[in-house]
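The following exchange examines one protein model through questions and answers. Please consider the sequence and the structure together.

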Amino acid sequence: MLIESMATSLVVGKVRGGKLENIGKVQIRCWYLFVLGFILEFTSVYLKIKHIGVISTFVDKYFIYVHSLSYILIFVALMLNFKNKSMILVFIGTLLNFIVIVANGGRMPVSPEGLKAANLISNLEMLKKDMIITHTLITDSTRLPILGDIIPLIKPYPFPKIISIGDIFLGLGIFFFIQGAMTKKGIFSRKTKMIKFEYKKN
């Protein structure tokens with residue numbers, strides 16, 4: 001979803017006369033918090049999967065806390081950049097996903113019916129066998145299932161998948177961020193024209 005949002009926004013931005021190089025000129029406050037948050041998240045998942053000695057044991061035991069810390073770093077970075085309105089959408093999406101993940105022990109709940117609708121049978125089987133540590137199937141005991149991955153994107157969508165409400169906000173936020181960066185104006189902005197009246201003296 002995020003990759004598609006980025007790609008679509010880049011194309012739309014070019015059509016609207018935007019420039020790719022403008023993206024590199026965007027001022028992002030405390031950008032290193034984003035980097036640190038993502039590194040912490042992916043590293044914790046990697047260590048949990050690989051079982052590398054004492055470190056993996058520690059991460060496995062306190063995974064929910066390490067995972068939460070990575071989100072907190074990203075939340076702080078997003079809030080520091082609220083001047084860019086698209087960051088508010090990204091914040092909302094991230095928050096919604098974070099809430100449901102924390103409520104379910106550090107895993108994003110996924111709808112079995114949604115997986116079937118999107119024809120993601122292999123993913124369904126892997127989740128049934130508990131082979132994906134970041135996700136879990138929705139059951140009667142799942143908390144806040146409405147915020148989980150319950151929205152299937154089926155054909156003719158080229159990349160069938162299942163997403164959450166939070167993912168939609170994230171996708172929109174990223175789309176508008178790139179639009180604003182490439183064109184240096186919002187997607188809904190309009191040029192205003194001033195009518196000038198000239199009076200001639202006889």
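Q: How many aromatic pairs does a search of the whole structure find?
A: Rings of Phe, Tyr and Trp (its six-membered ring) pair if their centres lie within 6.5 Å, and planes under 30 degrees apart count as stacked, over 60 as edge-to-face and the rest as tilted. This is a predicted model, in which local features need pLDDT of at least 70, side-chain atom pairs count only at pLDDT 80 or more, and totals for chains, interfaces and linings use all residues. Residues are numbered from 1 along each chain as its sequence is written, and side-chain values use heavy atoms, with hydrogens and water left out. The search of the whole structure gives 10 aromatic pairs.

Q: Which geometry, stacked, tilted or edge-to-face, describes the pair of Phe58 and Tyr62?
A: The ring centres of Phe58 and Tyr62 are 5.0 Å apart, and 45° lies between the planes, so the pair falls outside both the stacked and the edge-to-face ranges. Phe58 is partly exposed at 49% relative accessible area, a class between buried (under 20%) and exposed (over 50%), with a 1.4 Å probe and protein chains only. Tyr62 is also partly exposed, at 32%. The geometry of Phe58 and Tyr62 is tilted.

Q: What is the angle between the planes of Phe82 and Phe91?
A: Phe82 is partly exposed, at 27% relative accessible area, whereas Phe91 is buried, at 16%. Ring pairs link both residues with Tyr71, Phe75 and Phe98 into a cluster. Phe82 and Phe91 form an edge-to-face pair, with 5.4 Å centre to centre and an angle of 90°.

Q: Where in the chain do the partners of the salt bridge between Lys161 and Glu4 lie?
A: A salt bridge is a side-chain nitrogen of Lys or Arg within 4 Å of a carboxyl oxygen of Asp or Glu, and the count comes to four. Lys161 and Glu4 meet at 2.7 Å, N to O; Lys161 is partly exposed at 21%, while Glu4 is buried at 14%. Helices (H or I, at least four residues) and strands (E, at least two) are DSSP runs, numbered from the N terminus. The pair ties together parts that are 157 residues apart in sequence, because Lys161 lies in strand β4 (residues 161-163) and Glu4 in helix α1 (residues 2-15).

Q: Over which ring does the charged end of Lys48 sit?
A: Lys48 forms a salt bridge with Asp60, the closest N and O atoms being 2.4 Å apart, and this pair links helix α2 (residues 31-50) to helix α3. Lys48 is buried, at 15% relative accessible area, whereas Asp60 is partly exposed, at 41%. A charge sits over a ring if NZ of Lys or CZ of Arg is within 6 Å of the ring centre and within 35 degrees of the ring normal. The charged end of Lys48 lies 5.0 Å from the centre of the ring it sits over, that of Phe63.

Q: Which helix holds both Glu125 and Lys128?
A: The side chains of Glu125 and Lys128 meet in a salt bridge of 3.8 Å, N to O. Glu125 is partly exposed at 35%, and Lys128 is exposed at 52%. The two residues are three residues apart, about one turn of the helix, and both lie in helix α7 (residues 121-128).

Q: How many residues of domain 2 are in contact with domain 1?
A: The protein is divided into domain 1 (1-18 + 85-181) and domain 2 (29-80), with bounds from an automatic or database domain assignment. Their centres, taken over C-alpha atoms, are separated by 19 Å. Contact means heavy atoms within 4.5 Å. On the side of domain 1 there are 12 such residues, and on the side of domain 2 there are 11.

Q: Is Ser9 buried or exposed?
A: Ser9 is found in helix α1. Beyond its neighbours within four places in sequence, Ser9 is in contact with Ile174, Phe175, Ile178, Gln179 and Met182. With a relative accessible area of 0%, Ser9 is buried.

Q: Which peptide bond is cis, with omega near 20°?
A: Most residues other than glycine have a negative phi, and most peptide bonds are trans. Pro156 is found in the loop between β3 (151-153) and β4. The cis bond is the one from Lys155 to Pro156.
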